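Student: I would like to learn how to read a structure feature by feature. Can we start at once?

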Amino acid sequence: MAENTEAPLPDKEKNFSEWYNEIVQRAELVDLRYGVKGFVVYRPNVANILRQTYRLFEDALDAHGHSVCNFPVVIPLEFFQKEAEHIKGFSGEVFWITRAGDTELERPLVLRPTSETAMYPLYAYWVRSYRDLPLKLYQSNTVYRYETKATKPLIRGREFYWIEAHDVHRTVEDAVNQVREDMEITIDVLHNQLGIPFMLMERPPWDRFAGADRSYAFDVLFPDKNVLQIATTHLLGENFSRAFEIMFEDEDGTKKYCQQTCFGIGISRIAATIISMHGDNYGLVLPFHVAPLQIVIVPIPKKGKNELVMEKCEEVHQKLKDKGYRVKLDDSEDRPGAKFYHWELLCVPIRLEIGPRDIENGVITVFRRDKRERFQVKENQLEETIEQLKNDILKELRTRREKDLRENIREAKSREEFLEIAKNKGGFIRIEFCDREECAEVIKEETGGYEVRGKRFGVEEKPKGNCVICGEKAKSIVYVAKAY
Ligand SMILES: [Zn+2]
(Lines give C-alpha, C1' and ligand atoms only; values in the text may rest on other atoms or scores of the structure.)
Protein backbone atom coordinates (compact mmCIF):
# COMPACT_ATOMS: atom_id res chain seq x y z
CA MET A 1 0.00 0.00 0.00
CA ALA A 2 3.04 2.22 0.26
CA GLU A 3 2.49 4.02 -3.05
CA ASN A 4 -1.07 5.11 -2.32
CA THR A 5 -1.28 8.76 -1.60
CA GLU A 6 -5.01 8.98 -0.89
CA ALA A 7 -5.16 12.10 -3.08
CA PRO A 8 -8.12 12.13 -5.48
CA LEU A 9 -7.60 10.93 -9.04
CA PRO A 10 -7.88 13.42 -11.92
CA ASP A 11 -11.48 13.74 -13.11
CA LYS A 12 -12.12 10.96 -15.61
CA GLU A 13 -14.83 12.73 -17.60
CA LYS A 14 -12.90 15.96 -17.94
CA ASN A 15 -9.44 14.60 -18.53
CA PHE A 16 -9.46 10.95 -19.41
CA SER A 17 -5.88 10.77 -20.57
CA GLU A 18 -4.55 12.13 -17.29
CA TRP A 19 -6.90 9.87 -15.33
CA TYR A 20 -5.70 6.82 -17.25
CA ASN A 21 -2.02 7.63 -16.86
CA GLU A 22 -2.57 8.19 -13.17
CA ILE A 23 -4.63 5.11 -12.43
CA VAL A 24 -2.31 2.66 -14.19
CA GLN A 25 0.45 3.90 -11.88
CA ARG A 26 -1.51 4.52 -8.71
CA ALA A 27 -3.26 1.14 -8.77
CA GLU A 28 0.10 -0.46 -9.55
CA LEU A 29 -1.08 -1.88 -12.85
CA VAL A 30 2.03 -1.18 -14.91
CA ASP A 31 5.61 -0.13 -14.47
CA LEU A 32 6.85 2.08 -17.26
CA ARG A 33 10.51 2.02 -16.24
CA TYR A 34 11.40 -0.93 -18.44
CA GLY A 35 12.81 1.47 -20.99
CA VAL A 36 11.79 -0.08 -24.33
CA LYS A 37 9.11 1.86 -26.21
CA GLY A 38 5.86 -0.10 -26.49
CA PHE A 39 7.00 -2.86 -24.12
CA VAL A 40 5.37 -2.60 -20.74
CA VAL A 41 5.67 -4.47 -17.47
CA TYR A 42 2.26 -5.60 -16.28
CA ARG A 43 2.16 -6.01 -12.52
CA PRO A 44 -0.01 -8.51 -10.61
CA ASN A 45 -2.97 -6.13 -10.24
CA VAL A 46 -3.48 -6.02 -13.98
CA ALA A 47 -1.93 -9.38 -14.90
CA ASN A 48 -4.74 -10.92 -12.85
CA ILE A 49 -7.36 -8.99 -14.82
CA LEU A 50 -5.71 -10.17 -18.04
CA ARG A 51 -5.79 -13.75 -16.77
CA GLN A 52 -9.48 -13.57 -15.83
CA THR A 53 -10.30 -12.06 -19.23
CA TYR A 54 -8.35 -14.82 -20.96
CA ARG A 55 -10.35 -17.40 -19.01
CA LEU A 56 -13.73 -16.01 -20.04
CA PHE A 57 -12.82 -16.29 -23.73
CA GLU A 58 -10.89 -19.55 -23.47
CA ASP A 59 -13.84 -21.19 -21.71
CA ALA A 60 -16.15 -19.94 -24.46
CA LEU A 61 -13.84 -21.16 -27.24
CA ASP A 62 -13.49 -24.56 -25.57
CA ALA A 63 -17.26 -24.82 -25.22
CA HIS A 64 -17.62 -24.12 -28.96
CA GLY A 65 -15.39 -26.98 -30.06
CA HIS A 66 -12.02 -25.27 -30.32
CA SER A 67 -8.79 -26.89 -29.16
CA VAL A 68 -5.84 -25.08 -27.70
CA CYS A 69 -2.40 -25.15 -29.35
CA ASN A 70 0.94 -23.34 -29.24
CA PHE A 71 2.98 -22.31 -32.25
CA PRO A 72 6.48 -20.80 -32.17
CA VAL A 73 6.94 -17.05 -31.81
CA VAL A 74 9.26 -16.96 -34.85
CA ILE A 75 8.11 -17.36 -38.43
CA PRO A 76 10.52 -18.34 -41.21
CA LEU A 77 10.76 -15.78 -44.00
CA GLU A 78 9.55 -18.20 -46.68
CA PHE A 79 6.34 -18.91 -44.74
CA PHE A 80 5.75 -15.25 -44.05
CA GLN A 81 6.06 -14.31 -47.72
CA LYS A 82 3.58 -16.82 -49.09
CA GLU A 83 0.41 -14.75 -49.12
CA ALA A 84 0.97 -11.57 -51.14
CA GLU A 85 -1.64 -9.30 -49.52
CA HIS A 86 -0.64 -10.43 -46.06
CA ILE A 87 3.02 -9.55 -46.49
CA LYS A 88 2.04 -6.22 -48.05
CA GLY A 89 -0.11 -5.46 -45.02
CA PHE A 90 2.39 -6.44 -42.37
CA SER A 91 5.93 -6.11 -43.73
CA GLY A 92 6.31 -2.52 -42.54
CA GLU A 93 5.55 -3.41 -38.96
CA VAL A 94 7.37 -6.64 -38.21
CA PHE A 95 10.40 -7.19 -36.03
CA TRP A 96 13.10 -9.25 -37.71
CA ILE A 97 15.61 -11.55 -36.10
CA THR A 98 18.67 -11.41 -38.31
CA ARG A 99 21.41 -12.43 -35.94
CA ALA A 100 22.01 -15.21 -33.40
CA GLY A 101 25.12 -15.23 -31.29
CA ASP A 102 27.93 -14.06 -33.57
CA THR A 103 26.29 -15.33 -36.72
CA GLU A 104 24.20 -13.50 -39.28
CA LEU A 105 21.24 -15.77 -39.95
CA GLU A 106 21.00 -17.10 -43.48
CA ARG A 107 17.25 -17.18 -43.18
CA PRO A 108 15.99 -14.23 -41.15
CA LEU A 109 13.06 -14.90 -38.85
CA VAL A 110 9.98 -12.80 -38.25
CA LEU A 111 8.67 -12.24 -34.74
CA ARG A 112 5.00 -13.11 -35.23
CA PRO A 113 2.75 -10.09 -35.80
CA THR A 114 -0.13 -12.63 -36.03
CA SER A 115 0.10 -16.36 -36.72
CA GLU A 116 -1.57 -17.15 -40.06
CA THR A 117 1.76 -17.76 -41.75
CA ALA A 118 3.09 -19.76 -38.79
CA MET A 119 0.10 -22.09 -38.56
CA TYR A 120 -1.10 -22.60 -42.09
CA PRO A 121 1.95 -24.45 -43.48
CA LEU A 122 1.26 -27.09 -40.82
CA TYR A 123 -2.46 -27.02 -41.54
CA ALA A 124 -1.52 -28.17 -45.06
CA TYR A 125 -0.07 -31.36 -43.53
CA TRP A 126 -2.89 -31.90 -41.07
CA VAL A 127 -5.88 -31.47 -43.35
CA ARG A 128 -6.27 -34.34 -45.82
CA SER A 129 -9.91 -35.29 -45.98
CA TYR A 130 -13.31 -33.76 -45.30
CA ARG A 131 -13.23 -35.95 -42.19
CA ASP A 132 -10.48 -33.71 -40.78
CA LEU A 133 -12.83 -30.71 -40.92
CA PRO A 134 -13.64 -28.48 -39.26
CA LEU A 135 -10.24 -27.84 -37.72
CA LYS A 136 -10.65 -25.27 -34.95
CA LEU A 137 -7.52 -24.21 -33.06
CA TYR A 138 -6.64 -21.23 -30.91
CA GLN A 139 -3.65 -20.00 -29.01
CA SER A 140 -3.35 -17.50 -26.16
CA ASN A 141 -0.16 -15.61 -26.82
CA THR A 142 1.63 -12.34 -27.42
CA VAL A 143 2.25 -10.80 -30.81
CA TYR A 144 4.71 -8.14 -31.89
CA ARG A 145 4.17 -5.17 -34.15
CA TYR A 146 6.45 -2.26 -34.74
CA GLU A 147 3.89 0.44 -33.95
CA THR A 148 4.92 3.89 -35.03
CA LYS A 149 1.94 5.68 -33.46
CA ALA A 150 2.15 6.82 -29.85
CA THR A 151 1.98 3.86 -27.48
CA LYS A 152 -0.21 3.64 -24.37
CA PRO A 153 -0.17 0.83 -21.80
CA LEU A 154 -2.63 -1.94 -22.75
CA ILE A 155 -4.20 0.17 -25.52
CA ARG A 156 -1.41 0.30 -28.07
CA GLY A 157 1.93 -1.39 -27.63
CA ARG A 158 4.54 -3.19 -29.65
CA GLU A 159 3.84 -6.36 -27.72
CA PHE A 160 0.25 -7.26 -27.00
CA TYR A 161 -1.70 -10.04 -25.37
CA TRP A 162 -4.44 -11.71 -27.31
CA ILE A 163 -6.09 -14.93 -28.38
CA GLU A 164 -6.03 -15.94 -32.03
CA ALA A 165 -8.31 -18.68 -33.33
CA HIS A 166 -7.73 -20.12 -36.80
CA ASP A 167 -10.42 -22.34 -38.23
CA VAL A 168 -10.61 -24.42 -41.39
CA HIS A 169 -13.92 -25.37 -42.98
CA ARG A 170 -15.28 -27.44 -45.78
CA THR A 171 -17.77 -24.99 -47.27
CA VAL A 172 -18.30 -21.25 -47.54
CA GLU A 173 -21.47 -21.67 -45.52
CA ASP A 174 -19.56 -23.37 -42.68
CA ALA A 175 -17.01 -20.53 -42.69
CA VAL A 176 -19.75 -17.90 -42.60
CA ASN A 177 -21.33 -19.73 -39.66
CA GLN A 178 -17.96 -19.77 -37.94
CA VAL A 179 -17.71 -16.00 -38.21
CA ARG A 180 -21.19 -15.77 -36.66
CA GLU A 181 -20.11 -18.07 -33.84
CA ASP A 182 -17.03 -15.88 -33.22
CA MET A 183 -19.35 -12.90 -32.99
CA GLU A 184 -21.70 -14.70 -30.58
CA ILE A 185 -18.80 -15.66 -28.32
CA THR A 186 -17.61 -12.06 -28.23
CA ILE A 187 -21.09 -10.65 -27.67
CA ASP A 188 -21.72 -13.09 -24.83
CA VAL A 189 -18.53 -12.25 -22.96
CA LEU A 190 -18.63 -8.49 -23.58
CA HIS A 191 -22.32 -7.99 -22.94
CA ASN A 192 -23.27 -10.72 -20.47
CA GLN A 193 -20.13 -10.96 -18.41
CA LEU A 194 -18.28 -7.67 -18.69
CA GLY A 195 -21.06 -5.14 -19.27
CA ILE A 196 -19.24 -3.61 -22.25
CA PRO A 197 -21.39 -2.14 -25.06
CA PHE A 198 -19.89 -2.12 -28.55
CA MET A 199 -20.54 -1.39 -32.20
CA LEU A 200 -20.16 -4.48 -34.38
CA MET A 201 -18.97 -3.17 -37.73
CA GLU A 202 -18.23 -4.64 -41.11
CA ARG A 203 -15.03 -2.90 -42.12
CA PRO A 204 -14.87 -1.19 -45.52
CA PRO A 205 -12.79 -3.01 -48.17
CA TRP A 206 -9.75 -0.73 -47.73
CA ASP A 207 -9.64 -1.45 -44.03
CA ARG A 208 -9.88 -5.24 -44.12
CA PHE A 209 -7.37 -7.52 -42.49
CA ALA A 210 -4.50 -8.21 -44.91
CA GLY A 211 -5.63 -11.29 -46.87
CA ALA A 212 -9.28 -11.33 -45.79
CA ASP A 213 -12.42 -11.27 -47.97
CA ARG A 214 -14.48 -9.76 -45.16
CA SER A 215 -13.54 -8.25 -41.81
CA TYR A 216 -15.84 -7.67 -38.85
CA ALA A 217 -14.78 -5.73 -35.80
CA PHE A 218 -15.98 -4.82 -32.33
CA ASP A 219 -15.41 -1.13 -31.64
CA VAL A 220 -15.89 0.34 -28.19
CA LEU A 221 -16.25 3.97 -27.13
CA PHE A 222 -13.74 5.36 -24.67
CA PRO A 223 -14.49 8.16 -22.18
CA ASP A 224 -12.57 10.64 -24.35
CA LYS A 225 -14.97 9.77 -27.24
CA ASN A 226 -12.29 7.96 -29.24
CA VAL A 227 -12.95 4.39 -30.25
CA LEU A 228 -10.89 1.25 -29.86
CA GLN A 229 -11.08 -1.98 -31.83
CA ILE A 230 -11.02 -4.85 -29.33
CA ALA A 231 -11.89 -7.97 -31.35
CA THR A 232 -12.09 -8.94 -35.00
CA THR A 233 -13.20 -11.93 -37.01
CA HIS A 234 -12.38 -12.44 -40.65
CA LEU A 235 -13.62 -14.49 -43.54
CA LEU A 236 -10.42 -15.48 -45.31
CA GLY A 237 -12.07 -17.47 -48.09
CA GLU A 238 -9.47 -19.39 -50.07
CA ASN A 239 -6.80 -16.66 -50.05
CA PHE A 240 -4.56 -18.46 -47.61
CA SER A 241 -5.57 -22.03 -48.43
CA ARG A 242 -4.47 -21.43 -52.04
CA ALA A 243 -1.20 -19.83 -50.96
CA PHE A 244 -0.43 -22.57 -48.44
CA GLU A 245 -2.10 -25.42 -50.37
CA ILE A 246 -4.49 -26.42 -47.62
CA MET A 247 -6.68 -28.88 -49.50
CA PHE A 248 -9.01 -31.70 -48.65
CA GLU A 249 -10.56 -34.59 -50.47
CA ASP A 250 -14.32 -34.22 -50.36
CA GLU A 251 -16.80 -37.07 -49.98
CA ASP A 252 -17.08 -37.45 -53.76
CA GLY A 253 -13.31 -37.77 -54.17
CA THR A 254 -12.65 -34.27 -55.57
CA LYS A 255 -9.80 -32.14 -54.19
CA LYS A 256 -10.88 -28.75 -52.88
CA TYR A 257 -9.36 -25.70 -51.21
CA CYS A 258 -10.45 -25.16 -47.62
CA GLN A 259 -12.50 -22.18 -46.44
CA GLN A 260 -10.78 -20.38 -43.60
CA THR A 261 -11.59 -17.91 -40.85
CA CYS A 262 -9.53 -16.23 -38.18
CA PHE A 263 -10.60 -14.54 -34.98
CA GLY A 264 -8.52 -12.18 -32.85
CA ILE A 265 -9.48 -11.24 -29.30
CA GLY A 266 -7.47 -8.32 -27.96
CA ILE A 267 -7.11 -9.31 -24.33
CA SER A 268 -4.92 -6.36 -23.32
CA ARG A 269 -7.29 -3.95 -25.08
CA ILE A 270 -10.31 -5.52 -23.41
CA ALA A 271 -8.58 -5.06 -20.05
CA ALA A 272 -7.93 -1.42 -21.00
CA THR A 273 -11.62 -1.10 -21.88
CA ILE A 274 -12.77 -2.55 -18.55
CA ILE A 275 -10.47 -0.17 -16.69
CA SER A 276 -11.37 2.90 -18.76
CA MET A 277 -15.09 2.42 -19.23
CA HIS A 278 -16.10 1.25 -15.77
CA GLY A 279 -13.48 3.04 -13.66
CA ASP A 280 -14.35 6.22 -11.76
CA ASN A 281 -12.63 8.93 -9.79
CA TYR A 282 -12.08 6.56 -6.86
CA GLY A 283 -10.29 3.94 -8.94
CA LEU A 284 -11.11 0.78 -10.80
CA VAL A 285 -14.62 -0.58 -11.02
CA LEU A 286 -14.65 -4.19 -12.11
CA PRO A 287 -17.50 -6.50 -13.04
CA PHE A 288 -17.71 -9.37 -10.56
CA HIS A 289 -16.79 -11.99 -13.20
CA VAL A 290 -13.44 -10.52 -14.03
CA ALA A 291 -12.39 -9.11 -10.66
CA PRO A 292 -9.25 -10.92 -9.51
CA LEU A 293 -10.56 -10.46 -5.98
CA GLN A 294 -14.34 -10.47 -5.74
CA ILE A 295 -14.93 -9.94 -2.05
CA VAL A 296 -12.75 -8.44 0.66
CA ILE A 297 -13.50 -8.71 4.36
CA VAL A 298 -12.36 -5.84 6.56
CA PRO A 299 -12.49 -6.35 10.33
CA ILE A 300 -13.55 -3.25 12.29
CA PRO A 301 -11.48 -3.47 15.45
CA LYS A 302 -12.56 -2.41 18.91
CA LYS A 303 -10.54 -2.68 22.10
CA GLY A 304 -11.33 -5.87 23.98
CA LYS A 305 -13.45 -7.30 21.13
CA ASN A 306 -10.78 -7.93 18.51
CA GLU A 307 -10.59 -11.65 19.02
CA LEU A 308 -14.33 -12.00 18.62
CA VAL A 309 -14.25 -9.88 15.43
CA MET A 310 -11.39 -11.87 13.90
CA GLU A 311 -13.09 -15.14 14.68
CA LYS A 312 -16.26 -14.04 12.87
CA CYS A 313 -14.23 -12.68 9.92
CA GLU A 314 -12.38 -15.96 9.57
CA GLU A 315 -15.60 -17.93 9.72
CA VAL A 316 -17.21 -15.82 6.96
CA HIS A 317 -13.99 -15.90 4.93
CA GLN A 318 -13.85 -19.69 5.01
CA LYS A 319 -17.52 -20.03 4.16
CA LEU A 320 -17.25 -17.80 1.08
CA LYS A 321 -14.01 -19.44 -0.01
CA ASP A 322 -15.67 -22.84 0.14
CA LYS A 323 -18.41 -21.48 -2.13
CA GLY A 324 -15.76 -20.71 -4.77
CA TYR A 325 -15.60 -16.91 -4.50
CA ARG A 326 -12.25 -15.15 -4.82
CA VAL A 327 -12.23 -13.66 -1.35
CA LYS A 328 -9.62 -12.15 0.95
CA LEU A 329 -9.58 -11.33 4.62
CA ASP A 330 -7.57 -8.15 5.06
CA ASP A 331 -6.05 -8.68 8.50
CA SER A 332 -3.17 -6.25 7.96
CA GLU A 333 -2.25 -3.65 10.58
CA ASP A 334 -3.60 -0.69 8.57
CA ARG A 335 -6.55 1.26 9.89
CA PRO A 336 -9.92 0.45 8.26
CA GLY A 337 -10.05 3.80 6.37
CA ALA A 338 -6.76 3.02 4.60
CA LYS A 339 -8.02 -0.43 3.72
CA PHE A 340 -11.25 1.01 2.30
CA TYR A 341 -9.27 3.43 0.15
CA HIS A 342 -6.93 0.71 -1.08
CA TRP A 343 -9.62 -1.80 -2.02
CA GLU A 344 -11.76 0.86 -3.68
CA LEU A 345 -8.82 1.94 -5.80
CA LEU A 346 -8.21 -1.65 -6.87
CA CYS A 347 -11.91 -2.35 -7.04
CA VAL A 348 -13.02 -5.29 -5.11
CA PRO A 349 -16.69 -5.28 -6.18
CA ILE A 350 -18.00 -6.25 -2.74
CA ARG A 351 -16.52 -5.30 0.61
CA LEU A 352 -17.76 -6.77 3.86
CA GLU A 353 -17.17 -4.93 7.12
CA ILE A 354 -17.53 -6.79 10.37
CA GLY A 355 -17.38 -5.09 13.76
CA PRO A 356 -18.56 -5.95 17.28
CA ARG A 357 -21.91 -4.24 16.82
CA ASP A 358 -22.60 -6.15 13.58
CA ILE A 359 -21.86 -9.40 15.38
CA GLU A 360 -24.17 -8.46 18.26
CA ASN A 361 -27.00 -7.76 15.81
CA GLY A 362 -26.33 -10.82 13.64
CA VAL A 363 -25.65 -8.64 10.59
CA ILE A 364 -22.81 -7.89 8.17
CA THR A 365 -22.14 -4.49 6.62
CA VAL A 366 -21.90 -4.70 2.83
CA PHE A 367 -20.32 -2.07 0.57
CA ARG A 368 -20.83 -2.27 -3.18
CA ARG A 369 -18.03 -0.55 -5.04
CA ASP A 370 -19.89 0.39 -8.25
CA LYS A 371 -22.47 2.59 -6.48
CA ARG A 372 -20.37 3.17 -3.36
CA GLU A 373 -23.36 2.17 -1.24
CA ARG A 374 -23.24 0.70 2.22
CA PHE A 375 -26.01 -1.38 3.78
CA GLN A 376 -26.53 -4.20 6.25
CA VAL A 377 -27.76 -7.73 5.70
CA LYS A 378 -28.64 -10.55 8.06
CA GLU A 379 -25.70 -12.92 8.25
CA ASN A 380 -27.77 -15.86 7.04
CA GLN A 381 -28.72 -13.87 3.92
CA LEU A 382 -25.17 -13.02 2.93
CA GLU A 383 -24.72 -15.52 0.12
CA GLU A 384 -28.08 -14.72 -1.38
CA THR A 385 -27.14 -11.04 -1.27
CA ILE A 386 -23.81 -11.66 -3.00
CA GLU A 387 -25.47 -13.64 -5.80
CA GLN A 388 -27.99 -10.83 -6.24
CA LEU A 389 -25.31 -8.13 -6.15
CA LYS A 390 -23.16 -9.92 -8.68
CA ASN A 391 -25.93 -9.47 -11.26
CA ASP A 392 -26.98 -6.03 -10.06
CA ILE A 393 -23.44 -4.67 -10.35
CA LEU A 394 -23.14 -5.95 -13.89
CA LYS A 395 -26.53 -4.53 -14.82
CA GLU A 396 -25.65 -1.17 -13.30
CA LEU A 397 -22.33 -0.95 -15.17
CA ARG A 398 -23.88 -2.06 -18.43
CA THR A 399 -26.74 0.43 -18.13
CA ARG A 400 -24.32 3.32 -17.51
CA ARG A 401 -22.10 2.42 -20.46
CA GLU A 402 -24.97 1.76 -22.84
CA LYS A 403 -26.24 5.23 -22.08
CA ASP A 404 -22.78 6.67 -22.87
CA LEU A 405 -22.71 4.89 -26.19
CA ARG A 406 -26.27 5.85 -27.12
CA GLU A 407 -25.59 9.50 -26.36
CA ASN A 408 -22.46 9.46 -28.48
CA ILE A 409 -23.88 8.21 -31.74
CA ARG A 410 -24.91 11.28 -33.72
CA GLU A 411 -26.31 11.65 -37.16
CA ALA A 412 -24.87 14.21 -39.57
CA LYS A 413 -27.01 15.21 -42.54
CA SER A 414 -24.53 17.53 -44.20
CA ARG A 415 -20.81 17.99 -44.57
CA GLU A 416 -20.90 21.06 -42.30
CA GLU A 417 -22.82 19.23 -39.62
CA PHE A 418 -20.43 16.31 -39.90
CA LEU A 419 -17.36 18.49 -39.47
CA GLU A 420 -18.95 20.32 -36.57
CA ILE A 421 -19.63 17.08 -34.66
CA ALA A 422 -16.17 15.74 -35.44
CA LYS A 423 -14.61 18.94 -34.16
CA ASN A 424 -16.65 19.48 -31.02
CA LYS A 425 -18.22 16.22 -29.88
CA GLY A 426 -16.48 13.06 -31.10
CA GLY A 427 -18.00 9.61 -30.70
CA PHE A 428 -19.61 7.81 -33.63
CA ILE A 429 -21.00 9.89 -36.46
CA ARG A 430 -23.62 8.24 -38.62
CA ILE A 431 -23.62 9.40 -42.24
CA GLU A 432 -24.93 8.45 -45.65
CA PHE A 433 -21.95 7.43 -47.71
CA CYS A 434 -20.96 6.62 -51.30
CA ASP A 435 -18.66 3.72 -50.30
CA ARG A 436 -15.64 5.25 -52.04
CA GLU A 437 -12.21 5.26 -50.44
CA GLU A 438 -11.56 8.77 -51.83
CA CYS A 439 -14.32 10.12 -49.61
CA ALA A 440 -12.90 8.25 -46.62
CA GLU A 441 -9.58 9.99 -47.35
CA VAL A 442 -11.29 13.38 -47.43
CA ILE A 443 -12.83 12.62 -44.04
CA LYS A 444 -9.45 11.71 -42.62
CA GLU A 445 -7.82 14.86 -43.91
CA GLU A 446 -10.53 17.32 -42.96
CA THR A 447 -11.05 15.98 -39.45
CA GLY A 448 -7.50 15.18 -38.46
CA GLY A 449 -7.85 11.42 -38.43
CA TYR A 450 -11.49 10.33 -38.32
CA GLU A 451 -12.02 6.99 -40.06
CA VAL A 452 -14.92 5.22 -41.69
CA ARG A 453 -15.34 2.30 -39.27
CA GLY A 454 -17.84 0.56 -41.55
CA LYS A 455 -21.45 -0.52 -41.69
CA ARG A 456 -23.25 -1.89 -38.67
CA PHE A 457 -23.43 -5.64 -38.87
CA GLY A 458 -26.82 -7.23 -38.33
CA VAL A 459 -28.69 -3.92 -38.52
CA GLU A 460 -30.51 -3.15 -41.77
CA GLU A 461 -29.90 0.51 -42.57
CA LYS A 462 -30.73 1.87 -46.00
CA PRO A 463 -29.55 5.27 -47.25
CA LYS A 464 -32.16 7.60 -48.72
CA GLY A 465 -30.10 10.53 -49.96
CA ASN A 466 -26.59 11.45 -50.98
CA CYS A 467 -23.10 10.99 -49.61
CA VAL A 468 -22.57 13.81 -47.09
CA ILE A 469 -19.00 14.25 -48.33
CA CYS A 470 -19.18 14.25 -52.15
CA GLY A 471 -22.93 14.65 -52.73
CA GLU A 472 -23.20 11.63 -55.02
CA LYS A 473 -25.87 9.02 -54.46
CA ALA A 474 -25.26 7.26 -51.13
CA LYS A 475 -24.83 3.50 -51.15
CA SER A 476 -24.78 2.80 -47.44
CA ILE A 477 -24.99 4.14 -43.92
CA VAL A 478 -21.60 4.14 -42.24
CA TYR A 479 -20.23 5.15 -38.88
CA VAL A 480 -17.21 7.39 -38.62
CA ALA A 481 -15.07 7.83 -35.54
CA LYS A 482 -11.61 8.67 -34.37
CA ALA A 483 -9.72 5.59 -33.31
CA TYR A 484 -6.81 5.04 -30.98
ZN1 LIG B 1 -18.77 10.27 -51.24
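Student: Is Cys439 buried or exposed?

Tutor: Look at relative accessibility; under 20% means buried. This is a predicted model. In it, Cys439 has 2% relative accessibility, so Cys439 counts as buried. Cys467 has 3% and therefore counts as buried too.

Student: Which atoms are the protein donors of the zinc ion?

Tutor: For a metal site, list the donor atoms and their distances. Here they are the SG atoms of Cys434, Cys439, Cys467 and Cys470. They lie 2.2 to 2.4 Å from the zinc ion.

Student: What arrangement do the four donor atoms make around the zinc ion?

Tutor: Start from the ideal. Four tetrahedral donors have ideal angles of 109.5 degrees. Then turn to the case. The four donor atoms subtend angles of 103 to 121° around the zinc ion, which makes the arrangement tetrahedral.

Student: What spacing do the donors of the zinc ion follow along the chain?

Tutor: The pattern is C-x4-C-x27-C-x2-C. Now place two of the donors on the fold. Cys439 lies in helix H14, residues 437–447, and Cys467 lies in the loop between strand E22 (450–456) and strand E23 (476–482). The pair therefore ties together parts that are 28 residues apart in sequence.

Student: Next, the sheets. In which order do the eleven strands of the open sheet come?

Tutor: Read a sheet by strand order, then by pairing, then by its edges. The order is E3-E7-E8-E14-E11-E10-E9-E22-E23-E21-E20, with mixed pairing. The edge strands are E3 (67–68) and E20 (409–411), each of which pairs on one side only.

Student: Which helix packs on this sheet and touches E7, E8, E11 and E14?

Tutor: Check the contacts, then the angle between directions. Helix H5, residues 116–126, touches strand E7 (135–144), strand E8 (159–169), E11 and strand E14 (259–265). The direction of H5 makes about 155° with that of E7. H5 is mostly covered, with eight of its eleven residues buried. Among them are Met119, Tyr120, Pro121 and Tyr123.

Student: Which strands does helix H6 lie across?

Tutor: H6 covers residues 172–193 and lies across E7, E8, strand E9 (199–202), E10, E11 and E14. H6 runs at about 160° to E11.

Student: How many residues of E11 are buried?

Tutor: Ten of the eleven residues of E11 are buried, and the strand is mostly covered.

Student: How many bridges join E10 to E11?

Tutor: Count bridges, then look at the direction and the turn. Eight bridges join E10 (residues 214–221) to E11 (residues 227–237), and the two run antiparallel. Leu221 stands opposite Val227 in E11. Arg214 stands opposite Leu235 in E11. The two strands form a hairpin with five residues between them. In the turn, Lys225 has a positive phi of about 75°.

Student: How many bridges join E11 to E14?

Tutor: Six, and these strands also run antiparallel. Leu235 of E11 stands opposite Thr261 in E14. Leu235 thus takes part in two pairings: Arg214 faces it from E10, and Thr261 faces it from E14.

Student: Now the five-strand sheet. Which strands stand at its edges?

Tutor: Apply the reading used before. The strand order is E16-E15-E17-E18-E19, an open sheet with mixed pairing. E16 (327–329) and E19 (373–378) stand at the edges, each with a single partner strand, so one side of each is left without a neighbour in the sheet. Neighbouring strands here are turned by 25° against each other on average, direction ignored. Within the sheet, four bridges join E17 (residues 350–354) to E18 (residues 363–368), and that pair runs antiparallel. The bridge partner of Ile350 in E18 is Arg368.

Student: Which strands do helices H9 and H10 touch?

Tutor: H9, residues 306–322, packs on the sheet and touches strand E15 (295–299), E16, E17 and E18. The direction of H9 makes about 165° with that of E16. H10, residues 336–345, touches E15, E16, E17, E18 and E19. The direction of H10 makes about 170° with that of E15.

Student: Last, the whole chain. What radius of gyration does the chain have?

Tutor: Compare it with a rule for globules. With 484 residues, a compact globule would have a radius of gyration near 23 Å; the chain has 25 Å, which agrees. The chain has 14 helices and 23 strands. Of its 484 residues, 52% count as buried.

Terms used
Residues are numbered from 1 along each chain as its sequence is written. This is a predicted model: local features need pLDDT of at least 70, side-chain atom pairs count only at pLDDT 80 or more; totals for chains, interfaces and linings use all residues. Side-chain values use heavy atoms; hydrogens and water are left out. Two strands pair if DSSP finds at least two bridges between them. Contact means heavy atoms within 4.5 Å. Axes are lines fitted to C-alpha atoms, for helices over the stretch in contact, and angles run from 0 to 180 degrees between N-to-C directions. Donors are N, O and S atoms within 2.8 Å of the metal (3.2 Å for Na, K and Ca); water is not among the atoms, so sites may look incomplete. Four donors count as tetrahedral if all angles lie between 85 and 135 degrees; four count as square planar and six as octahedral if opposite donors are over 155 degrees apart and all others between 65 and 115; anything else is irregular. Buried means under 20% relative accessible area, exposed over 50%, partly exposed in between (1.4 Å probe, protein chains only). The radius of gyration is taken over C-alpha atoms; the globule rule is 2.2 Å times the number of residues to the power 0.38.
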